[in-house]
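These are my notebook entries on one protein structure. I record what I looked up, in the order in which I looked.

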Amino acid sequence: MTTYGSLAGLKIREVCGLCDRRIQIGQPTVVCGKCDKIFHGKCVKSSNNNFTAHKEKVFCEPCMAQYDLIQYNPFIELISGENDSDKFYDNDSLDFADSLQNISDILSECRSYSKGDFTETVHSIQNTSQVSTGTNEIFSSFFLNIDGNFSNFDQLVTELHGLNHEFSVLGLAETNIDAEDKDLYKISDKYTSVYQSKLANKKKGSGVGLYVNNRFTFEVLEELSICNSSMECLFISITNTLEPLTVGVIYRSPNGNMQSFNTHFLDIMDRLPDKNVYIMGDFNINLHNCHLSNVREYEEIIVSSGYHPLISIATHSQPHCTKTCIDNIHTNSSDSVVRSGTLLDKLAHHSPIFQLSLIKLLKDTSAQNPKITICYDYNKENVDKFGIILNKKLEEVNDITSFEKFSNLYQLSIDEACKLDVPKTTKRNKVSNPWITKGLINAIEKKHRLLKLWKKSITNRNKNGDVDIYRKFSEYRKMLKQLIYSAKKKHYLNKFEECHGNKKKTWEIINKLRGKSKSTMASSIRID
């Protein structure tokens with residue numbers, strides 16, 4: 001290993017952190033760049049421990065497990081040149097240099113947050129003069145590869161409940177569900193969801209979705225939302241802010257064609273607005289491997305399009321595997337970002353990621369209809385009318401030489417037959433999760449404490465940590481998943497029992513579960 005050194009001149013004999021034998025003067029050694037423990041070079045070579053080299057430092061396995069030591073941040077080297085020849089910008093481009101310094105600081109400060117750390121961070125931002133005086137408000141986004149809604153959604157909802165923060169937008173990947181099943185998965189009555197169906201030929205490893213806080217009005221950008229074997233994505237435009245915001249979620253399968261993904265990705269980047277865009281997702285491209293050509297090409301697309309990644313640390317880890325930074329949030333408005341990171345509340349192999357930005361206050365929505373706005377009515381009469389209108393328009397056109405012309409005729413016919421002059425509202429509403437109890441929140445906190453305790457037990461001599469602690473953590477995690485399922489089931493069984501014999505009340509509960517409650521919502525969505 002090129003980082004070996006010698007201890008010539010050292011008077012105090014130190015002990016190797018692997019073999020417990022003294023290190024003799026002149027022997028090749030390796031020193032961990034985090035804990036400063038010293039090791040025989042030959043012990044490092046022959047051991048099963050994974051020592052990781054990064055930026056002229058070497059880190060031992062326990063430190064790698066407990067700390068976020070590997071970071072993606074190419075901007076540090078770009079802005080740290082002491083000589084003028086090292087600069088890639090001139091003195092007339094100081095604004096650009098300041099922008100790079102800002103994104104470099106964000107990436108350097110990116111870290112993992114416990115529940116308490118995250119809550120404290122949000123409160124500190126809320127207490128800044130920009131927010132407390134009403135000039136700005138926090139726009140927060142959250143992303144997680146959930147690895148299946150059916151298996152992990154209830155646990156995610158419980159974890160979010162314990163965070164005590166209402167994210168502006170939440171994105172999910174690998175939902176493994178179709179869009180028509182979205183109402184089976186409610187975060188709370190404060191969010192409206194929109195889903196992209198999974199690939200038709202896949203049972204798992206597909207599907208994306210977004211949950212938008214009801215304070216925001218949004219439109220789905222159908223022209224940017226695609227679903228194929230190379231890329232699955234869903235984009236929305238938030239319209240009731242002083243400046244429109246665009247938010248998207250992307251999933252790239254690890255087996256997808258990389259060249260095809262890059263082509264679609266670049267095309268989408270070119271069609272997005274010049275600012276206020278946030279793209280979150282699982283890209284399955286490890287930014288910690290920037291020496292690889294496919295990673296460099298992916299990075300080039302991001303940076304050349306005016307975007308910057310906000311997550312610099314590992315977001316995915318599996319036992320006995322190297323951590324990777326494959327989940328990220330890209331934005332072309334990094335100057336508004338104040339914090340980014342991962343959350344320790346990991347459901348499977350992926351860590352949740354987030355970003356916190358400051359945006360201008362929302363437009364006044366007090367006069368807006370608080371229910372969902374429907375601009376089209378597809379009843380039987382209107383659909384029959386649509387068929388008549390479309391046939392008439394096709395007869396009037398002698399020759400349709402392109403799909404685009406047919407598509408335009410189709411849309412005109414839809415508008416003429418089904419579009420409402422005055423939008424109406426539905427009674428559909430998002431249901432909360434009253435089955436989440438204080439006991440469940442306490443149980444989740446205990447699970448986190450056990451995980452933290454096990455990670456602390458990892459040493460160079462015991463790279464797997466304390467076996468008993470891990471067994472307790474693993475058993476408790478399985479028990480907690482069953483506990484969440486049982487709590488939800490018990491709650492609704494009790495509700496049905498309370499209204500036994502009352503068909504009206506029974507159907508009210510059923511409709512509430514299906515998202516058809518009559519209660520109003522805090523925001524609207526326009527369905528085009």
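**Entry 1: confidence.** I began with the confidence scores, since the model is predicted. The protein chain has an average pLDDT of 82, and 85% of the residues score at least 70. I then looked up two stretches with low scores. Over residues 427-431 the pLDDT stays under 50, and the model gives this stretch 30 contacts beyond four places in sequence. Residues 519-528 also have a pLDDT below 50; the model shows 42 contacts for them beyond near neighbours in sequence. I shall read both stretches with caution.

**Entry 2: the whole chain.** I noted 14 helices and 20 strands in the protein chain. The chain has 528 residues, of which 47% count as buried. Its exposed surface is about 27500 Å², and carbon and sulfur atoms supply 50% of that area. I also looked up how contacts are spread along the sequence. Taking contacts between residues at least 6 apart, I found that 69% join residues at least 24 apart.

**Entry 3: lysine 447.** I located lysine 447 in helix α12, which covers residues 438-456. Is lysine 447 buried or exposed? Its relative accessibility is 3%, so I entered it as buried, the cut-off being under 20%. Which residues does lysine 447 touch, leaving out those up to four places away in sequence? I listed Gln155, Glu159, Lys346, Phe473, Tyr476, Arg477 and Leu480.

**Entry 4: helices α7 and α12.** I next examined helix α7, residues 149-163, against α12. The two axes come within 10 Å and cross at roughly 90°. I therefore recorded α7 as roughly perpendicular to α12, a term used for angles of 65 to 115 degrees. By class, the contact between these helices comprises three nonpolar, five polar and two charged residues. On the α7 side I found Gln155, Thr158, Glu159, His161 and Gly162. On the α12 side I found Leu440, Ile441, Ile444, Lys447 and His448. Lysine 447 of Entry 3 thus appears here again, among the α12 residues that meet α7.

**Entry 5: aspartate 181.** Finally, I turned to a loop. Aspartate 181 sits between β7 (169-173) and β8 (191-196). Its relative accessibility of 31% means that I class aspartate 181 as partly exposed; that class lies between the limits of 20% and 50%. How far apart are aspartate 181 and tyrosine 195 in sequence and in space? I noted 14 residues along the sequence and 8.8 Å from C-alpha to C-alpha.

How values were computed:
Residues numbered from 1 in each chain as written. Predicted model: local features only at pLDDT ≥ 70, side-chain atom pairs only at ≥ 80, totals over all residues. Heavy atoms only, no water. Helix = DSSP H or I, 4+ residues; strand = E, 2+ residues; numbered from the N terminus. Buried < 20%, exposed > 50% of the residue type's maximum accessible area, 1.4 Å probe, protein only. Contact = heavy atoms within 4.5 Å. Axes fitted to C-alpha atoms, helices over the stretch in contact; angles between N-to-C directions. Parallel < 35°, antiparallel > 145°, perpendicular 65-115°, else oblique. Nonpolar A, V, L, I, M, F, W, Y, C, P; charged D, E, K, R; others polar. pLDDT = per-residue confidence, 0-100. Areas by Shrake-Rupley, 256 points an atom, 1.4 Å probe, with all protein chains shown as cover.
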